[in-house]
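Subject: Structure for you to look at

Hi,

Here is the structure I promised to pass on. Please open it beside this email and follow along.

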Amino acid sequence: MSVQQYDRIGEAFEGFKSLPLMRYGEVPSFLGMVGDVTGKSVLDLACGTGFYSREFKRRGATDVFGVDISAEMIGAAREMEQRDPLGVR
């Protein structure tokens, strides 16, 4: 079994979302394309550390489930959820 490329960076990947290009470019653009998630169930494929999964929950999604191929990314997402529970699975 091979190691996934993202397994090496785990939780450090979360910090990339705070870079200016991401924070002012990718994040608002992506959330704008997704639209209103209030009251909806969301399946976040390739969720990574759960950045968008958590944002969907903050924006009113009733049920959010994240899936990723990287065990390290999922581990980091679970740690963040444990530190600041929002109800993301």
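Start with Leu45. At 59% relative accessibility, this residue counts as exposed. Find Leu45 in strand β1. Please keep in mind that this is a predicted model.

**The nonpolar patch**

Leu45 has company on the surface. Together with Leu43, Phe65 and Val67, Leu45 forms a nonpolar patch. The accessible area of these four residues adds up to about 360 Å². Which strands supply the patch? Strand β1 covers residues 41-45 and strand β2 covers 63-67, and each gives at least two residues to the patch.

**The two strands**

Next, see how the strands sit together. β1 and β2 pair in the parallel sense, over five bridges. Leu43 stands opposite Phe65 of β2.

Now follow β2 along its length. Its side chains alternate between two faces. Val64 and Gly66 point to one face and are buried. Asp63, Phe65 and Val67 point to the other face and are not buried.

Go back to β1 for Asp44, which is found in that strand. Is Asp44 buried or exposed? Its relative accessibility is 10%, so Asp44 counts as buried. What does Asp44 touch, leaving aside neighbours within four places in sequence? Its contacts are Tyr52, Ser53, Phe56, Phe65, Gly66 and Val67. Two of those names, Tyr52 and Phe56, come back in the next part.

**The aromatic rings**

How many aromatic pairs does the structure hold? There are four. Take Phe30 and Tyr52. Their ring centres are 4.5 Å apart and their planes meet at 55°, so this pair is tilted. Phe30 is in helix α1 (residues 20-34) and Tyr52 is in helix α2. The two residues are 22 apart, so the pair links distant parts of the chain.

Their exposure is worth checking too. Phe30 is partly exposed, with a relative accessible area of 30%. Tyr52 counts as buried, at 11% relative accessibility.

Phe30 also forms an aromatic pair with Phe56. The distance is 6.4 Å centre to centre, and the planes are 40° apart. This pair is tilted. Again, distant parts of the chain are linked: Phe30 in helix α1 and Phe56 in helix α2 are 26 residues apart. Phe56 is buried, with a relative accessible area of 5%.

Put the rings together and you get a cluster. Ring pairs link Phe30, Phe51, Tyr52 and Phe56.

**The salt bridges**

Now for the charged side chains. Side chains of opposite charge can pair when their charged atoms come close. The count here is five salt bridges. I will walk you through some of them.

Begin with Arg54 and Glu81. They form a salt bridge, with the closest N and O atoms 2.7 Å apart. Why does this pair tie together separate parts of the chain? Arg54 lies in helix α2 (residues 51-58) and Glu81 in helix α3 (residues 71-83), so the pair joins parts that are 27 residues apart in sequence. Both Arg54 and Glu81 are buried.

Arg54 has another partner, Asp84. Their side chains meet in a salt bridge at 3.1 Å, N to O. Asp84 is in the segment after α3 and Arg54 is in α2, so this pair ties together parts that are 30 residues apart in sequence. How do the two compare in exposure? Arg54 has a relative accessible area of 7% and is buried. Asp84 is partly exposed, at 40%.

Then look at Arg58 and Glu55. They form a salt bridge too, with the closest N and O atoms 3.3 Å apart. Both are in helix α2. They are three residues apart there, which means about one helical turn separates them. Arg58 is partly exposed, with a relative accessible area of 48%. Glu55 is buried, at 18%.

One last step. Which residues do shared partners join into a network? Arg54, Glu81 and Asp84 are joined into one network by their salt bridges.

**Where to look again**

Go over helix α2 once more. Tyr52 and Phe56 are in this helix and pair with Phe30 of α1. Arg54 is in α2 as well, and its salt bridge with Glu81 reaches α3.

Best wishes

How values were computed. Residues are numbered from 1 along each chain as its sequence is written. This is a predicted model: local features need pLDDT of at least 70, side-chain atom pairs count only at pLDDT 80 or more; totals for chains, interfaces and linings use all residues. Side-chain values use heavy atoms; hydrogens and water are left out. Helices (H or I, at least four residues) and strands (E, at least two) are DSSP runs, numbered from the N terminus. Buried means under 20% relative accessible area, exposed over 50%, partly exposed in between (1.4 Å probe, protein chains only). Rings of Phe, Tyr and Trp (its six-membered ring) pair if their centres lie within 6.5 Å; planes under 30 degrees apart count as stacked, over 60 as edge-to-face and the rest as tilted. Patches are made of residues with over 30% relative accessible area and no salt bridge: like charges are joined within 9 Å, nonpolar side chains (Val, Leu, Ile, Met, Phe, Trp, Tyr) within 5 Å. Accessible areas come from the Shrake-Rupley method with a 1.4 Å probe; for residues, only the protein chains shown count as cover. Contact means heavy atoms within 4.5 Å. Two strands pair if DSSP finds at least two bridges between them.
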